[in-house]
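Here is my notebook from a friendly wander through one model. I went looking at side chains and jotted down what I found.

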Amino acid sequence: MLVGRRWVLGGLLAGAALPTWAQAPAVSLRPRARPSPRPLVTSADAGAAALVAAAKLTGAVGYCVVDLASGQVLEASGEALEMPPASVTKAVTTAFALEKLGVKHRFVTRVMRTGAVANGRLDGDLILAGGGDPTFDTDKMGDLVAALAASGLREVTGKFIAYAGALPERAEIATDQPDFVGYNPAISGLMLNFNRVNFVWKAVNDGYSLAMNAEGARFVPPVMMASMQVVDRDVPVFAYEAGAARDNWSVARRALGREGSRWLPVRHAATYVAEVFQTLCAAQGIKLPKAEVVYALPKSAEIVRHESEALPDLLRKMLKFSTNLTAEAVGLAASGAGTLEGSAAVMTTWARRRFGVQAVFGDHSGLGPKTRISPAEMVQVMIKARQDKRLSLLHDLLKSADLPQQDGKPAAKAAKPGSAARVSAKSGTMNFVSNLSGYVDAPGGRSLAFAIFTADLPRRAAVPVWNRESPEGDKAWVRRAHRLQGQLLNRWGQAYL
(Lines give C-alpha, C1' and ligand atoms only; values in the text may rest on other atoms or scores of the structure.)
Protein backbone atom coordinates (compact mmCIF):
# COMPACT_ATOMS: atom_id res chain seq x y z
CA MET A 1 0.00 0.00 0.00
CA LEU A 2 1.27 3.49 -0.87
CA VAL A 3 2.50 5.66 2.00
CA GLY A 4 0.79 8.90 3.05
CA ARG A 5 1.69 12.19 1.45
CA ARG A 6 0.94 15.93 1.16
CA TRP A 7 0.66 17.98 -2.03
CA VAL A 8 -1.92 19.87 -4.08
CA LEU A 9 -4.76 17.77 -5.51
CA GLY A 10 -4.43 19.30 -8.95
CA GLY A 11 -0.90 17.92 -9.17
CA LEU A 12 -2.11 14.49 -8.13
CA LEU A 13 -4.55 14.28 -11.01
CA ALA A 14 -2.46 15.98 -13.67
CA GLY A 15 -1.32 13.65 -16.41
CA ALA A 16 -3.44 10.70 -15.23
CA ALA A 17 -3.68 8.18 -18.02
CA LEU A 18 -6.96 7.07 -19.53
CA PRO A 19 -8.15 3.57 -18.58
CA THR A 20 -6.60 0.98 -20.89
CA TRP A 21 -9.90 -0.71 -21.74
CA ALA A 22 -12.45 0.72 -24.16
CA GLN A 23 -15.27 -1.12 -22.45
CA ALA A 24 -14.83 -2.46 -18.93
CA PRO A 25 -15.09 -6.24 -18.60
CA ALA A 26 -18.10 -7.88 -16.93
CA VAL A 27 -16.04 -9.50 -14.18
CA SER A 28 -14.41 -7.88 -11.19
CA LEU A 29 -10.91 -6.49 -11.67
CA ARG A 30 -8.08 -5.94 -9.26
CA PRO A 31 -7.73 -2.26 -8.38
CA ARG A 32 -5.20 -0.50 -10.61
CA ALA A 33 -3.08 2.46 -9.60
CA ARG A 34 -2.14 5.44 -11.72
CA PRO A 35 1.30 6.99 -11.21
CA SER A 36 1.49 9.68 -8.52
CA PRO A 37 4.24 11.44 -6.53
CA ARG A 38 5.70 9.77 -3.44
CA PRO A 39 6.62 12.36 -0.80
CA LEU A 40 8.10 11.38 2.54
CA VAL A 41 5.90 9.83 5.24
CA THR A 42 4.76 12.26 7.94
CA SER A 43 3.93 11.33 11.52
CA ALA A 44 0.27 12.16 10.87
CA ASP A 45 0.15 9.79 7.88
CA ALA A 46 1.74 7.05 9.92
CA GLY A 47 -1.17 7.22 12.39
CA ALA A 48 -3.69 6.68 9.59
CA ALA A 49 -1.63 3.75 8.29
CA ALA A 50 -1.78 2.17 11.73
CA LEU A 51 -5.59 2.35 11.67
CA VAL A 52 -5.64 0.67 8.27
CA ALA A 53 -3.30 -2.08 9.45
CA ALA A 54 -5.40 -2.68 12.58
CA ALA A 55 -8.56 -3.11 10.48
CA LYS A 56 -7.04 -6.27 8.93
CA LEU A 57 -9.04 -5.90 5.75
CA THR A 58 -8.18 -8.23 2.90
CA GLY A 59 -7.95 -6.53 -0.48
CA ALA A 60 -7.18 -2.88 -1.14
CA VAL A 61 -7.69 0.29 0.89
CA GLY A 62 -7.50 3.75 -0.62
CA TYR A 63 -8.27 7.09 0.98
CA CYS A 64 -7.77 10.79 0.40
CA VAL A 65 -8.72 13.80 2.52
CA VAL A 66 -8.32 17.35 1.26
CA ASP A 67 -8.75 20.83 2.70
CA LEU A 68 -11.70 22.15 0.71
CA ALA A 69 -10.55 25.78 0.59
CA SER A 70 -6.92 25.28 -0.45
CA GLY A 71 -7.06 21.91 -2.24
CA GLN A 72 -4.14 20.70 -0.10
CA VAL A 73 -4.05 16.94 0.36
CA LEU A 74 -3.83 16.36 4.11
CA GLU A 75 -3.53 12.57 4.09
CA ALA A 76 -3.72 9.99 1.33
CA SER A 77 -2.81 6.40 0.63
CA GLY A 78 -3.83 4.19 -2.27
CA GLU A 79 -5.58 7.29 -3.57
CA ALA A 80 -4.85 6.54 -7.25
CA LEU A 81 -6.36 3.04 -7.23
CA GLU A 82 -9.26 2.64 -9.64
CA MET A 83 -11.93 0.90 -7.59
CA PRO A 84 -15.69 0.20 -7.80
CA PRO A 85 -17.45 3.03 -5.94
CA ALA A 86 -20.70 1.02 -5.52
CA SER A 87 -23.50 3.38 -4.43
CA VAL A 88 -21.12 6.31 -4.01
CA THR A 89 -21.83 6.54 -7.76
CA LYS A 90 -25.19 8.05 -6.79
CA ALA A 91 -23.45 11.23 -5.64
CA VAL A 92 -22.15 11.71 -9.20
CA THR A 93 -25.59 10.86 -10.60
CA THR A 94 -27.11 13.47 -8.28
CA ALA A 95 -24.81 16.16 -9.66
CA PHE A 96 -25.52 14.98 -13.23
CA ALA A 97 -29.29 15.15 -12.69
CA LEU A 98 -29.17 18.54 -10.97
CA GLU A 99 -27.32 20.06 -13.91
CA LYS A 100 -29.22 18.36 -16.74
CA LEU A 101 -32.77 18.29 -15.33
CA GLY A 102 -32.82 21.22 -12.89
CA VAL A 103 -34.32 21.54 -9.44
CA LYS A 104 -37.87 22.07 -10.73
CA HIS A 105 -38.02 18.77 -12.60
CA ARG A 106 -40.81 16.35 -11.68
CA PHE A 107 -41.76 12.97 -13.11
CA VAL A 108 -45.38 12.90 -14.30
CA THR A 109 -47.75 9.93 -14.66
CA ARG A 110 -50.87 10.76 -16.65
CA VAL A 111 -54.17 9.16 -17.62
CA MET A 112 -55.03 10.16 -21.19
CA ARG A 113 -57.88 9.63 -23.66
CA THR A 114 -58.12 9.49 -27.45
CA GLY A 115 -61.84 10.21 -27.74
CA ALA A 116 -64.60 12.17 -26.09
CA VAL A 117 -66.31 11.42 -22.78
CA ALA A 118 -70.09 11.73 -22.55
CA ASN A 119 -72.23 10.59 -19.62
CA GLY A 120 -69.30 8.72 -18.10
CA ARG A 121 -68.53 6.84 -21.31
CA LEU A 122 -65.25 7.24 -23.22
CA ASP A 123 -65.69 6.57 -26.92
CA GLY A 124 -62.03 5.89 -27.53
CA ASP A 125 -58.93 4.51 -25.84
CA LEU A 126 -57.79 5.07 -22.26
CA ILE A 127 -54.04 5.48 -21.85
CA LEU A 128 -51.95 5.10 -18.70
CA ALA A 129 -48.92 7.17 -19.72
CA GLY A 130 -45.86 6.59 -17.61
CA GLY A 131 -43.28 9.32 -17.26
CA GLY A 132 -40.50 7.20 -15.77
CA ASP A 133 -41.38 8.04 -12.15
CA PRO A 134 -39.32 5.64 -10.00
CA THR A 135 -41.20 6.65 -6.81
CA PHE A 136 -44.73 5.93 -8.05
CA ASP A 137 -46.37 3.46 -5.66
CA THR A 138 -49.68 1.68 -5.12
CA ASP A 139 -51.14 4.34 -2.83
CA LYS A 140 -50.29 7.10 -5.31
CA MET A 141 -51.82 5.03 -8.08
CA GLY A 142 -54.92 4.47 -5.94
CA ASP A 143 -55.30 8.22 -5.53
CA LEU A 144 -54.80 8.72 -9.28
CA VAL A 145 -57.56 6.18 -10.02
CA ALA A 146 -59.83 7.86 -7.46
CA ALA A 147 -59.31 11.17 -9.26
CA LEU A 148 -60.14 9.43 -12.55
CA ALA A 149 -63.38 8.09 -11.07
CA ALA A 150 -64.18 11.55 -9.67
CA SER A 151 -63.95 12.90 -13.22
CA GLY A 152 -67.05 10.82 -13.97
CA LEU A 153 -65.49 8.14 -16.15
CA ARG A 154 -67.21 4.76 -15.88
CA GLU A 155 -66.89 3.00 -19.22
CA VAL A 156 -64.29 2.72 -21.99
CA THR A 157 -65.39 1.49 -25.42
CA GLY A 158 -61.92 1.34 -26.92
CA LYS A 159 -58.61 -0.14 -25.79
CA PHE A 160 -56.69 0.21 -22.56
CA ILE A 161 -53.16 1.26 -23.52
CA ALA A 162 -50.13 1.32 -21.22
CA TYR A 163 -47.45 3.66 -22.55
CA ALA A 164 -44.00 2.62 -21.29
CA GLY A 165 -41.67 4.45 -23.65
CA ALA A 166 -40.61 7.38 -21.49
CA LEU A 167 -37.45 5.46 -20.51
CA PRO A 168 -35.66 2.58 -22.23
CA GLU A 169 -37.00 -0.78 -21.08
CA ARG A 170 -34.65 -3.25 -19.43
CA ALA A 171 -35.41 -6.48 -17.51
CA GLU A 172 -32.81 -5.77 -14.81
CA ILE A 173 -30.29 -3.09 -13.89
CA ALA A 174 -27.23 -5.38 -13.60
CA THR A 175 -26.69 -8.87 -14.97
CA ASP A 176 -24.32 -10.08 -12.23
CA GLN A 177 -26.85 -10.08 -9.37
CA PRO A 178 -29.08 -12.88 -8.01
CA ASP A 179 -32.46 -13.13 -9.74
CA PHE A 180 -34.39 -12.55 -6.54
CA VAL A 181 -32.89 -9.38 -5.04
CA GLY A 182 -35.36 -6.52 -4.95
CA TYR A 183 -32.68 -3.88 -5.51
CA ASN A 184 -32.09 -5.11 -9.08
CA PRO A 185 -35.49 -4.78 -10.80
CA ALA A 186 -36.58 -3.90 -14.30
CA ILE A 187 -36.41 -0.37 -15.71
CA SER A 188 -39.35 1.01 -17.69
CA GLY A 189 -41.25 4.18 -18.45
CA LEU A 190 -43.98 2.67 -16.25
CA MET A 191 -42.80 1.74 -12.74
CA LEU A 192 -44.53 0.88 -9.48
CA ASN A 193 -43.27 0.10 -5.95
CA PHE A 194 -39.69 0.33 -7.24
CA ASN A 195 -40.74 -2.45 -9.65
CA ARG A 196 -41.18 -5.03 -6.92
CA VAL A 197 -44.01 -7.44 -6.13
CA ASN A 198 -44.79 -8.61 -2.59
CA PHE A 199 -44.70 -12.39 -2.03
CA VAL A 200 -46.69 -13.46 1.07
CA TRP A 201 -46.87 -16.98 2.54
CA LYS A 202 -48.48 -18.73 5.50
CA ALA A 203 -48.35 -22.38 6.53
CA VAL A 204 -51.75 -24.08 6.17
CA ASN A 205 -52.18 -27.76 7.13
CA ASP A 206 -49.46 -29.61 5.20
CA GLY A 207 -48.83 -26.85 2.69
CA TYR A 208 -48.75 -23.09 2.22
CA SER A 209 -51.16 -20.35 1.30
CA LEU A 210 -49.34 -18.15 -1.23
CA ALA A 211 -50.16 -14.71 -2.59
CA MET A 212 -48.55 -12.04 -4.74
CA ASN A 213 -49.68 -8.45 -4.31
CA ALA A 214 -48.73 -4.81 -4.83
CA GLU A 215 -49.12 -3.86 -1.18
CA GLY A 216 -49.38 -0.23 -0.18
CA ALA A 217 -50.37 1.36 3.11
CA ARG A 218 -53.99 1.86 1.97
CA PHE A 219 -54.40 -0.41 -1.05
CA VAL A 220 -53.42 -4.09 -1.39
CA PRO A 221 -54.34 -5.21 -4.92
CA PRO A 222 -53.56 -8.82 -5.87
CA VAL A 223 -51.14 -9.50 -8.73
CA MET A 224 -51.63 -12.32 -11.22
CA MET A 225 -48.77 -11.71 -13.67
CA ALA A 226 -46.30 -12.99 -11.04
CA SER A 227 -46.70 -16.50 -9.62
CA MET A 228 -44.91 -18.61 -7.00
CA GLN A 229 -44.44 -22.37 -6.62
CA VAL A 230 -43.06 -24.14 -3.54
CA VAL A 231 -40.52 -26.85 -4.41
CA ASP A 232 -38.30 -29.29 -2.55
CA ARG A 233 -34.64 -28.25 -2.96
CA ASP A 234 -31.79 -26.85 -0.92
CA VAL A 235 -30.46 -23.99 -3.07
CA PRO A 236 -31.14 -21.55 -4.51
CA VAL A 237 -33.83 -20.32 -2.17
CA PHE A 238 -35.58 -18.54 -5.06
CA ALA A 239 -35.43 -19.35 -8.77
CA TYR A 240 -36.85 -17.30 -11.64
CA GLU A 241 -38.16 -18.26 -15.07
CA ALA A 242 -39.43 -15.65 -17.52
CA GLY A 243 -42.74 -16.24 -19.23
CA ALA A 244 -44.61 -14.35 -21.90
CA ALA A 245 -45.22 -11.11 -19.99
CA ARG A 246 -45.14 -13.17 -16.79
CA ASP A 247 -42.74 -13.65 -13.90
CA ASN A 248 -42.62 -17.28 -12.75
CA TRP A 249 -40.95 -17.95 -9.39
CA SER A 250 -40.22 -20.98 -7.26
CA VAL A 251 -39.05 -21.10 -3.64
CA ALA A 252 -37.35 -23.79 -1.55
CA ARG A 253 -39.86 -25.20 0.93
CA ARG A 254 -37.39 -25.46 3.82
CA ALA A 255 -36.63 -21.72 3.62
CA LEU A 256 -40.18 -20.51 4.28
CA GLY A 257 -40.94 -21.19 7.94
CA ARG A 258 -44.45 -20.56 9.27
CA GLU A 259 -45.25 -17.27 7.57
CA GLY A 260 -43.69 -14.16 6.11
CA SER A 261 -43.34 -11.88 3.13
CA ARG A 262 -40.63 -10.65 0.79
CA TRP A 263 -40.47 -8.12 -2.02
CA LEU A 264 -39.21 -9.66 -5.27
CA PRO A 265 -38.14 -7.82 -8.42
CA VAL A 266 -40.52 -7.47 -11.35
CA ARG A 267 -39.09 -8.18 -14.80
CA HIS A 268 -42.14 -7.24 -16.92
CA ALA A 269 -42.70 -3.84 -15.36
CA ALA A 270 -45.23 -2.32 -17.78
CA THR A 271 -47.45 -5.41 -17.61
CA TYR A 272 -47.30 -5.33 -13.81
CA VAL A 273 -48.17 -1.64 -13.55
CA ALA A 274 -51.01 -1.94 -16.06
CA GLU A 275 -52.53 -4.90 -14.21
CA VAL A 276 -52.51 -3.10 -10.86
CA PHE A 277 -54.06 -0.02 -12.48
CA GLN A 278 -56.78 -2.18 -14.04
CA THR A 279 -57.54 -3.80 -10.66
CA LEU A 280 -57.78 -0.44 -8.87
CA CYS A 281 -60.01 0.90 -11.64
CA ALA A 282 -62.34 -2.07 -11.23
CA ALA A 283 -62.62 -1.29 -7.52
CA GLN A 284 -63.80 2.21 -8.52
CA GLY A 285 -66.37 0.82 -10.96
CA ILE A 286 -64.28 1.45 -14.08
CA LYS A 287 -63.99 -1.71 -16.19
CA LEU A 288 -61.02 -1.91 -18.53
CA PRO A 289 -59.96 -4.53 -21.07
CA LYS A 290 -56.54 -6.20 -20.88
CA ALA A 291 -53.76 -3.68 -21.42
CA GLU A 292 -51.84 -3.24 -24.65
CA VAL A 293 -48.29 -2.05 -23.91
CA VAL A 294 -46.92 0.52 -26.37
CA TYR A 295 -43.72 2.56 -26.62
CA ALA A 296 -44.98 5.48 -28.71
CA LEU A 297 -47.56 7.72 -27.10
CA PRO A 298 -50.70 8.16 -29.25
CA LYS A 299 -52.08 11.65 -29.76
CA SER A 300 -54.32 12.10 -26.75
CA ALA A 301 -55.73 14.48 -24.14
CA GLU A 302 -54.99 14.41 -20.43
CA ILE A 303 -57.71 13.52 -17.92
CA VAL A 304 -55.79 13.36 -14.61
CA ARG A 305 -52.15 13.29 -13.55
CA HIS A 306 -49.79 12.53 -10.66
CA GLU A 307 -46.57 14.50 -10.21
CA SER A 308 -43.59 13.23 -8.25
CA GLU A 309 -41.77 15.28 -5.67
CA ALA A 310 -39.44 17.93 -7.02
CA LEU A 311 -36.05 16.58 -8.04
CA PRO A 312 -34.09 17.68 -4.92
CA ASP A 313 -36.53 15.89 -2.57
CA LEU A 314 -36.47 12.80 -4.75
CA LEU A 315 -32.66 12.82 -4.82
CA ARG A 316 -32.40 13.32 -1.06
CA LYS A 317 -34.39 10.11 -0.49
CA MET A 318 -32.40 8.31 -3.16
CA LEU A 319 -29.16 9.19 -1.36
CA LYS A 320 -30.56 8.29 2.06
CA PHE A 321 -32.05 4.92 1.11
CA SER A 322 -29.68 4.23 -1.82
CA THR A 323 -32.50 3.24 -4.19
CA ASN A 324 -30.93 1.90 -7.37
CA LEU A 325 -34.03 2.31 -9.52
CA THR A 326 -34.28 6.01 -8.68
CA ALA A 327 -30.64 6.51 -9.65
CA GLU A 328 -31.12 4.77 -13.00
CA ALA A 329 -34.35 6.64 -13.74
CA VAL A 330 -32.94 10.12 -13.05
CA GLY A 331 -29.72 9.27 -14.90
CA LEU A 332 -31.61 8.04 -17.96
CA ALA A 333 -33.90 11.06 -17.88
CA ALA A 334 -30.89 13.38 -17.59
CA SER A 335 -29.01 11.84 -20.51
CA GLY A 336 -31.93 11.15 -22.85
CA ALA A 337 -30.03 8.12 -24.15
CA GLY A 338 -31.81 5.09 -25.59
CA THR A 339 -29.99 2.48 -23.50
CA LEU A 340 -28.54 2.24 -20.02
CA GLU A 341 -25.08 1.67 -21.47
CA GLY A 342 -25.44 4.73 -23.67
CA SER A 343 -26.68 6.79 -20.75
CA ALA A 344 -23.73 5.73 -18.59
CA ALA A 345 -21.39 6.73 -21.42
CA VAL A 346 -23.01 10.17 -21.53
CA MET A 347 -22.48 10.59 -17.78
CA THR A 348 -18.89 9.39 -18.12
CA THR A 349 -18.15 12.02 -20.76
CA TRP A 350 -19.90 14.69 -18.70
CA ALA A 351 -18.01 13.80 -15.48
CA ARG A 352 -14.65 13.82 -17.26
CA ARG A 353 -15.32 17.26 -18.70
CA ARG A 354 -17.03 18.66 -15.60
CA PHE A 355 -14.66 17.40 -12.91
CA GLY A 356 -11.43 16.65 -14.74
CA VAL A 357 -11.46 12.95 -13.83
CA GLN A 358 -10.87 9.83 -15.92
CA ALA A 359 -13.53 7.68 -14.25
CA VAL A 360 -15.67 5.12 -16.11
CA PHE A 361 -19.37 4.74 -15.27
CA GLY A 362 -21.25 1.60 -16.30
CA ASP A 363 -24.60 2.74 -14.89
CA HIS A 364 -26.06 5.43 -12.60
CA SER A 365 -26.48 3.43 -9.39
CA GLY A 366 -23.10 1.70 -9.04
CA LEU A 367 -24.78 -1.72 -8.93
CA GLY A 368 -23.10 -3.13 -12.03
CA PRO A 369 -19.48 -4.25 -12.40
CA LYS A 370 -18.10 -1.70 -14.87
CA THR A 371 -17.81 1.54 -12.88
CA ARG A 372 -14.32 2.55 -11.73
CA ILE A 373 -13.05 5.73 -10.04
CA SER A 374 -10.15 6.40 -7.69
CA PRO A 375 -10.49 7.94 -4.20
CA ALA A 376 -8.55 11.01 -5.36
CA GLU A 377 -10.88 11.47 -8.32
CA MET A 378 -13.92 11.09 -6.09
CA VAL A 379 -12.56 13.85 -3.87
CA GLN A 380 -12.08 15.97 -6.99
CA VAL A 381 -15.80 15.46 -7.79
CA MET A 382 -16.77 16.49 -4.27
CA ILE A 383 -14.61 19.63 -4.36
CA LYS A 384 -15.78 20.87 -7.74
CA ALA A 385 -19.43 20.09 -6.98
CA ARG A 386 -19.21 22.14 -3.76
CA GLN A 387 -17.71 25.06 -5.66
CA ASP A 388 -20.40 25.12 -8.38
CA LYS A 389 -23.61 27.09 -7.79
CA ARG A 390 -25.85 24.50 -9.47
CA LEU A 391 -24.17 21.44 -8.01
CA SER A 392 -23.46 22.68 -4.48
CA LEU A 393 -26.92 21.44 -3.46
CA LEU A 394 -25.37 17.95 -3.40
CA HIS A 395 -23.86 18.75 0.02
CA ASP A 396 -27.27 19.49 1.54
CA LEU A 397 -28.86 16.39 0.00
CA LEU A 398 -26.32 13.98 1.50
CA LYS A 399 -27.14 12.16 4.71
CA SER A 400 -25.37 13.85 7.64
CA ALA A 401 -24.31 12.87 11.16
CA ASP A 402 -22.00 14.06 13.92
CA LEU A 403 -18.33 13.12 13.64
CA PRO A 404 -17.84 9.47 14.77
CA GLN A 405 -16.10 8.56 18.00
CA GLN A 406 -12.43 7.57 18.17
CA ASP A 407 -13.33 3.87 18.04
CA GLY A 408 -15.21 4.44 14.80
CA LYS A 409 -18.68 4.06 16.29
CA PRO A 410 -21.35 6.74 15.74
CA ALA A 411 -21.35 9.68 18.13
CA ALA A 412 -22.71 8.60 21.52
CA LYS A 413 -25.33 11.34 21.52
CA ALA A 414 -26.34 14.09 19.17
CA ALA A 415 -24.40 17.29 19.74
CA LYS A 416 -26.06 20.65 20.01
CA PRO A 417 -26.59 21.98 16.46
CA GLY A 418 -23.60 24.00 15.35
CA SER A 419 -21.35 22.82 18.17
CA ALA A 420 -19.65 19.77 16.57
CA ALA A 421 -18.18 18.76 13.24
CA ARG A 422 -20.67 17.13 10.88
CA VAL A 423 -20.10 14.47 8.23
CA SER A 424 -22.24 14.66 5.07
CA ALA A 425 -21.54 11.66 2.89
CA LYS A 426 -22.73 8.87 0.59
CA SER A 427 -21.88 5.28 1.40
CA GLY A 428 -21.57 2.41 -1.04
CA THR A 429 -21.63 -1.26 -0.12
CA MET A 430 -21.51 -4.48 -2.11
CA ASN A 431 -20.05 -7.90 -1.30
CA PHE A 432 -16.52 -7.20 -0.01
CA VAL A 433 -16.77 -3.56 -1.11
CA SER A 434 -17.40 -0.68 1.31
CA ASN A 435 -16.93 2.98 0.46
CA LEU A 436 -17.69 6.42 1.84
CA SER A 437 -17.22 9.86 0.30
CA GLY A 438 -18.35 13.34 1.21
CA TYR A 439 -17.50 16.26 3.46
CA VAL A 440 -16.57 17.03 7.06
CA ASP A 441 -17.66 20.52 8.13
CA ALA A 442 -16.43 22.25 11.31
CA PRO A 443 -18.54 24.77 13.24
CA GLY A 444 -15.84 27.36 12.59
CA GLY A 445 -16.25 27.10 8.83
CA ARG A 446 -13.33 24.89 7.73
CA SER A 447 -14.33 21.93 5.59
CA LEU A 448 -12.71 18.76 4.29
CA ALA A 449 -13.56 16.61 1.29
CA PHE A 450 -12.75 12.92 1.54
CA ALA A 451 -13.12 9.48 0.01
CA ILE A 452 -12.44 6.10 1.65
CA PHE A 453 -12.61 3.06 -0.64
CA THR A 454 -12.12 -0.55 0.45
CA ALA A 455 -12.49 -3.59 -1.79
CA ASP A 456 -11.46 -7.23 -1.98
CA LEU A 457 -12.36 -7.82 -5.62
CA PRO A 458 -10.85 -11.31 -6.02
CA ARG A 459 -12.88 -12.46 -3.02
CA ARG A 460 -16.00 -10.80 -4.44
CA ALA A 461 -15.48 -12.42 -7.83
CA ALA A 462 -15.21 -15.85 -6.21
CA VAL A 463 -18.77 -15.67 -4.81
CA PRO A 464 -21.31 -17.48 -7.05
CA VAL A 465 -23.97 -15.12 -8.42
CA TRP A 466 -26.82 -16.94 -6.67
CA ASN A 467 -25.08 -16.43 -3.29
CA ARG A 468 -24.29 -12.72 -3.61
CA GLU A 469 -27.05 -11.49 -1.30
CA SER A 470 -25.15 -12.48 1.85
CA PRO A 471 -22.03 -14.61 1.25
CA GLU A 472 -20.00 -16.07 4.09
CA GLY A 473 -17.55 -13.61 5.65
CA ASP A 474 -19.00 -10.51 3.97
CA LYS A 475 -20.81 -9.02 6.97
CA ALA A 476 -17.73 -9.24 9.20
CA TRP A 477 -15.56 -7.74 6.46
CA VAL A 478 -17.96 -4.83 5.92
CA ARG A 479 -18.19 -4.20 9.68
CA ARG A 480 -14.42 -3.79 9.85
CA ALA A 481 -14.51 -1.46 6.86
CA HIS A 482 -17.22 0.67 8.46
CA ARG A 483 -15.23 0.89 11.67
CA LEU A 484 -12.14 1.99 9.76
CA GLN A 485 -14.15 4.68 7.98
CA GLY A 486 -15.39 6.04 11.33
CA GLN A 487 -11.90 5.96 12.83
CA LEU A 488 -10.37 7.83 9.90
CA LEU A 489 -13.12 10.46 9.99
CA ASN A 490 -12.63 10.98 13.72
CA ARG A 491 -8.89 11.28 13.21
CA TRP A 492 -9.25 13.85 10.43
CA GLY A 493 -11.78 15.86 12.36
CA GLN A 494 -9.56 15.98 15.43
CA ALA A 495 -6.38 16.68 13.48
CA TYR A 496 -7.49 19.18 10.87
CA LEU A 497 -10.67 20.95 12.06
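**Entry 1: a lone arginine**

I started with Arg-267, which I found in the loop between β16 (259–265) and α5 (269–283). Before going on, I noted that this is a predicted model. Is Arg-267 buried or exposed? I looked it up, and Arg-267 is buried, yet it has no salt bridge. The nearest side chain of opposite charge belongs to Glu-172, 4.1 Å away. A salt bridge has to fall within 4 Å, so I left Glu-172, at 4.1 Å, off the list of partners. Next I asked what the side chain of Arg-267 reaches at 2.7 Å. I found the backbone oxygen of Asp-179 there.

**Entry 2: aromatic pairs**

I then turned to the rings and counted 10 aromatic pairs in the structure. One that I opened up joins Tyr-63 and Trp-492, whose ring centres are 5.9 Å apart. Their planes meet at 45°, so I wrote this pair down as tilted. Where do the two partners sit in the chain? Tyr-63 is in strand β2 (residues 60–67) and Trp-492 is in helix α12 (residues 474–496), so I noted a link between distant parts of the chain, 429 residues apart. I checked burial too: Tyr-63 is buried at a relative accessible area of 2%, and Trp-492 is buried at 0%.

My second pick was Phe-180 with Phe-238, where the ring centres lie 5.8 Å apart. I got 35° between the planes, so this pair is tilted. Phe-180 belongs to the loop between β10 (160–163) and β11 (196–204), while Phe-238 is in strand β14 (residues 238–243). The pair therefore ties together parts that are 58 residues apart in sequence. I found both Phe-180 and Phe-238 buried. Following these rings outward, I saw that Phe-180 and Phe-238 form one aromatic cluster with Phe-199 and Trp-201.

**Entry 3: arginines over rings**

Which arginine lies over the face of Trp-263? I found Arg-196 there, at 4.8 Å from the ring centre. I also noted Arg-386 over the face of Tyr-439, at 4.7 Å from the ring centre.

**Entry 4: cysteines**

Last, I asked how many disulfides there are. The count comes to zero. I looked at two cysteines while I was there. Cys-64 is buried, with a relative accessible area of 0%. Cys-281 counts as buried too, at 0% relative accessibility.

Technical notes
Residues are numbered from 1 along each chain as its sequence is written. This is a predicted model: local features need pLDDT of at least 70, side-chain atom pairs count only at pLDDT 80 or more; totals for chains, interfaces and linings use all residues. Side-chain values use heavy atoms; hydrogens and water are left out. Rings of Phe, Tyr and Trp (its six-membered ring) pair if their centres lie within 6.5 Å; planes under 30 degrees apart count as stacked, over 60 as edge-to-face and the rest as tilted. Helices (H or I, at least four residues) and strands (E, at least two) are DSSP runs, numbered from the N terminus. Buried means under 20% relative accessible area, exposed over 50%, partly exposed in between (1.4 Å probe, protein chains only). A charge sits over a ring if NZ of Lys or CZ of Arg is within 6 Å of the ring centre and within 35 degrees of the ring normal. A disulfide is a pair of cysteine sulfur atoms within 2.5 Å. Lys and Arg count as positive and Asp and Glu as negative; His and the chain ends are not counted. A polar contact is a pair of N or O atoms within 3.5 Å; within protein, one must be able to donate a hydrogen and the other to accept it, and residues adjacent in sequence count only if both atoms are side-chain atoms.
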